[in-house]
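Biologist: I would like to go through this structure with you, one question at a time. Please explain each term when it first comes up.

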Amino acid sequence: MAERLLDVKDLKVRFATEDGIVHAVDGVNFTLDRGEVLGIVGESGSGKSVTAMTILGLTRGTNTQYEGEILYKGEDLIRQSEGRLRSVRGAQIAMIFQDPMTSLNPVYKVGDQICEAIRAHDDVSGRTARGRAVELLQQVGIPNPRQRVDDYPHQFSGGMRQRAMIAMALSCNPDILIADEPTTALDVTIQAQILELIDKLKDDFDSAVIMITHDLGVVAEVADQILVMYAGRVVEHGGKRDVFYDPQHPYTWGLLGSIPRLDRPKPKRLHSIQGSPASLINLPQGCKFRPRCPHAFEKCHEEPGLENRIEQKGHLDRCWLTVEEKKRLRVTTLAGEAVGAA
Amino acid sequence: MSADPQQNGDGALVEIQSLKKYFPIRKGVLQREVERVHAVDDVTLSVAQGETVGLVGESGCGKSTLGRCVVRLLTPTEGDIVFQGTSIGRLGPRALRPLRREMQMVFQDPYASLNPRKRVGSIVGDPLKIHGIGNSKERKTQVEELLETVGLSPEHYNRFPHEFSGGQRQRIGVARALALRPKLIVADEPVSALDVSIQAQMINLLESLQDDFGLTYIFIAHDLGVVRHVSDRIAVMYLGKLVELSPAEELYSRPIMPYTEALLSAVPIPDPDLSEKRERIVLEGDVPSPIHPPSGCRFHPRCRYATDICQQVEPPLTDYGNGHLAACHHPLNVDKATLERVTASERHTPDSADESALPEDPSKTESHPIPEKG
């Protein structure tokens, strides 16, 4: 058994705003073992980034309320002091952000920024840190690292900046790497390079990865287990193959069906999920997906729990439909064919 | 979607003729031009009435610049654009005004492309006002109809953009583009800022509008799945050059240019088994600078089939039959007969046929970057 790194138990995050209380994350559970890749999928506002940022304590503030536990090797991160978190952040759990253009400081050299991260956690000389920065840049595939270490971020292309960010995240050999939409701002060809890199480095550094993305294609490539989120909740959770080949929740079907796919004949019209994502301030009663769900019925006014409803163990979902109904109803949606309106 | 892709030429709505757009880089006190960014470099393409042409390529390949030149938001450096038989490449702002009614643009970012201080009614209605259509009452009715057409409600007339979600804002952008009943819409990444579920709604809307209003689209996007879904024909650009032009389905089953092959293989497929099975061609490095583009074939530094000739001679855009054009010295997926025919024609450089790189039996060497299911 691989070492259990992270155990998130019934995590709830609420923000008090002028308009009311935003239920950003509402009861999320998952575990992460060493060497594993967890993919979190969902649309904007589904709470996937807030979950990740809360693990690192980046959502702390006077207007934030937490419930539940985030156990990192048995230690509850939510209740740790800011000082303790600072030593975890970057050293044991590191994060790569979406936008490589804005997450590097433009007025410092790339190498200096990496050195800063190293020296924040390890008591080493500037020279050693610099040597390590060069080595890291080499590992993430930057050509001529010895020269490029003295470049400013604007001298790097988008893909190279993301590589530099990854180098920085890996500088202290973290246990967990959180990648929040690491390839969304990049071209497909560069995306392919970065995904390959993350996959390789995960093994080299023996880390676990949390990959947050809205792109199911990316998840299909890298993840071991998948968490599908909607309106702050996990609506489906299972192994990669289970979620892709035996999806249980109508939202997952919709997501899978609405992508124009290259590997299939072109449908006449694309399937689309009706309406827009639920407001996190006035959540609908019962199942949160009910207002947009074409299969909603009476019972959906009561919220279903995240349970294992099928034979496959560890594959959980939040939907009242019976297994037979699901099998029957999902066929057209999954084929990507539109049923009815736009 | 309705037009026969073969029918270009006579029925062309827009003809882009050897279009070049260079942006000068100026330096010093005198602001002398020291260098040029070769954003679009000699692109020829015609778009038939009612057709959708997809423009794809990585960022910096010139696809947006090309789109902006077509609607004349930019003036081409060289070459011309012929719209409905009239040359518009050199027209001044005044002469262009009546033509603005015929072509409109939908922009990528629904947050930046709507004026936050104006109400939806005036955002959508201003094009009508500027072109002096109807009195204010008629215009209001027309705007309300337009809002309904794009799936919003007429009550939204007096609202401000910030009251809408991203997908709804993009619908406002579409309503504005539709207001003057244009013939051509250039859509620059119209869905890339939207969530997947909203993206599908938007694509369906654009498709049904095309049927209802007989629109012609130039659809610029980097998402190859989206482009395949909407387009009749697809043009692949690389560093300012048109490198492949093909009927949509054929491009995916039979890419000729190695760049297209690599681009297709890089698209992640939402199917774990398929994505494990297929061969991934990971391109090394980044797109070179368009200020000093590589010699010969611009793709040669990243191409896995490149030979000496690719460095020296720029491959011409060659017709491989069935409306499938590509610019490559080492074409993929081309059978011997076609290759001989093409090599015999004048435009092709004869010595470019490097025997060792030729696919001999198309069935054996045919490349399918997207594997079949099963």
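Biologist: What span should helix 6 (residues 158–170) of chain A have at 1.5 Å a residue?

Modeller: This is a predicted model, in which local features need pLDDT of at least 70, side-chain atom pairs count only at pLDDT 80 or more, and totals for chains, interfaces and linings use all residues. Residues are numbered from 1 along each chain as its sequence is written, and chains are lettered from A and ligands numbered from 1 in the order in which they are written. Helices (H or I, at least four residues) and strands (E, at least two) are DSSP runs, numbered from the N terminus, and the expected span of a helix is 1.5 Å times one less than its number of residues. Helix 6 of chain A has 13 residues and its end C-alpha atoms are 18 Å apart, which agrees with the expected span of 18 Å.

Biologist: How many residues of helix 6 of chain A are buried?

Modeller: A residue is buried if 20 or more other C-beta atoms, placed from the backbone, lie within 10 Å of its own, exposed if 12 or fewer, and partly exposed in between. The buried residues include Gly159(A), Arg161(A) and Leu170(A). Helix 6 of chain A is largely enclosed by the rest of the structure, because the number of its 13 residues that are buried is 12.

Biologist: Helix 6 of chain A lies across which strands?

Modeller: Axes are lines fitted to C-alpha atoms, for helices over the stretch in contact, and angles run from 0 to 180 degrees between N-to-C directions. Contact between two residues means that their C-beta atoms, placed from the backbone, lie within 7 Å. The helix runs at about 170° to strand 6 of chain A, and it lies across strand 6 and strand 7 of chain A.

Biologist: In chain A, which are the edge strands of the open sheet?

Modeller: Two strands pair if DSSP finds at least two bridges between them. Eight strands of chain A form an open sheet with mixed pairing, in the order 6-7-8-3-9-10-12-11. Those that pair on one side only are strand 6 and strand 11 (307–308) of chain A.

Biologist: Why is one side of strand 6 of chain B left without a neighbour in the sheet?

Modeller: Chain B has an open sheet of eight strands, in the order 6-7-8-3-9-10-12-11. Strand 6 of chain B pairs with strand 7 (residues 184–188) of chain B in the parallel sense over four bridges. One side of strand 6 is left without a neighbour because this strand stands at an edge, with a single partner strand.

Biologist: Which residues of strand 6 of chain B point the other way from Met103(B) and Met105(B)?

Modeller: In a regular strand the side chains alternate between the two faces of the sheet. In strand 6 (residues 103–106) of chain B, Met103(B) and Met105(B) point one way, and the buried residues pointing the other way are Gln104(B) and Val106(B).

Biologist: Which helix of chain B gives the most to the side that touches chain A?

Modeller: The contact takes 41 residues from chain B and 39 residues from chain A. Helices 6 (196–213), 7 (224–230), 9 (258–266) and 10 (272–277) of chain B each supply at least two residues of the side of chain B. With 10 residues, the one that gives the most is helix 6 of chain B.

Biologist: What average pLDDT does chain B have?

Modeller: pLDDT is the predictor's confidence in each residue, from 0 to 100. It stays under 50 over residues 1–9 of chain B and over residues 348–365 of chain B. In chain B, 89% of the residues score at least 70, and the average is 86.
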